[in-house]
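Open the model in your viewer and get ready to select residues one by one. Each stop on this tour says what to pick and what you will find there.

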Amino acid sequence: MLEHLTKETFKEKVFNFEQNKDWKYEGDAPCLIDFYADWCGPCKMIAPVLEELQKEYGEAIKIYKVDTEDQRELSSMFGIQSIPSLLFVPKDNQPQMAQGALPKATLEQAISEVLKVEKPVA
């Protein structure tokens, strides 16, 4: 199961926007945040792919979920207009947003290029 973030856990694990004006990632591994809603068809399609990626990458990355219906403040902070929206958060650079239910290969490419994480060899 992927961890669902609330405003409080987001501030603790990703970015404390109440303390910092400039982006400062709080996590110890790069992360991917899925902004989704329960009623969204494409969100349901991508969910098992994200679960699979978390298993495959293990501790190398964290994959979180944010329910846009429940966490409206986080959604508006990132200007979420359509879902699913995926926020790729590298350890030392600015986060990048992607939209839509991307295929697994595209997600793996973004994890490699944006997060600078290669899939561990089994």
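## Stop 1: a residue in a helix

Select isoleucine 46, which counts as buried because its relative accessible area is 2%, under the 20% cut-off for that word. Keep in mind as you look that this is a predicted model. Isoleucine 46 belongs to helix H2.

Which residues does isoleucine 46 contact, leaving aside its neighbours within four places in sequence? Show Pro84, Leu86, Gly100, Ala101, Leu102 and Leu107, and you have the set. Now find valine 14: it sits 32 residues from isoleucine 46 in sequence, and the two C-alpha atoms are 22 Å apart in space.

## Stop 2: the whole of helix H2

Widen the selection to residues 41-57, which make up H2. This helix has 17 residues, and from its first C-alpha to its last it reaches 25 Å, close to the 24 Å expected at 1.5 Å a residue. Look along it for a bend: H2 turns by about 25 degrees at alanine 47, and proline 48 follows within four residues. Just after the helix comes glycine 58, with a positive phi near 55 degrees.

Next, colour the buried residues of H2: Cys43, Ile46, Leu50, Leu53, Gln54 and Tyr57. An α-helix has 3.6 residues a turn, so residues three or four places apart point the same way. What do the buried residues of H2 pack against? Their partners are E2, E3, E4 and helix H4 (104-113).

## Stop 3: strand E2 and its partners

Select residues 31-36, strand E2. Is this strand enclosed or open? It is largely enclosed by the rest of the structure, because 6 of its 6 residues are buried. Show the side chains and compare the two directions: Cys31, Ile33 and Phe35 point one way, while Leu32, Asp34 and Tyr36 point the other way. In a regular strand the side chains alternate between the two faces of the sheet.

Add strand E3 (residues 62-67), which runs parallel to E2 and is joined to it by 6 bridges. To check the register, find tyrosine 36, which stands opposite aspartate 67 in E3. With H2 still displayed, you can trace E2, H2 and E3 as a right-handed β-α-β unit.

Then add strand E4 (residues 85-89), which pairs with E2 in the antiparallel sense over 5 bridges. Here aspartate 34 of E2 stands opposite leucine 86 in E4.

## Stop 4: the aromatic rings

Finish with the rings. The whole structure holds 4 aromatic pairs. One of them joins phenylalanine 10 and phenylalanine 17, a tilted pair at 6.3 Å centre to centre with 45 degrees between the planes. Phenylalanine 10 counts as buried because its relative accessibility is 0%, and phenylalanine 17 is buried too, at 16%.

Now show phenylalanine 78 beside phenylalanine 10: the ring centres are 5.6 Å apart and the planes meet at 70 degrees, so this pair is edge-to-face. It links distant parts of the chain, with phenylalanine 10 in helix H1 (residues 7-13) and phenylalanine 78, 68 residues apart from it, in the loop between helix H3 (72-77) and E4.

For a last view, select Phe10, Phe17, Phe35 and Phe78 together, and you have one aromatic cluster. Phe35 is a residue you met in strand E2.

Key
Residues numbered from 1 in each chain as written. Predicted model: local features only at pLDDT ≥ 70, side-chain atom pairs only at ≥ 80, totals over all residues. Heavy atoms only, no water. Buried < 20%, exposed > 50% of the residue type's maximum accessible area, 1.4 Å probe, protein only. Pairing = 2+ DSSP bridges. Right-handed = clockwise from strand over helix to strand, strands pointing away. Expected span 1.5 Å × (residues − 1). Bend = angle between axes of the 7 residues up to and from the residue. Contact = heavy atoms within 4.5 Å. Phe/Tyr/Trp six-rings, centres within 6.5 Å; stacked < 30°, edge-to-face > 60°.
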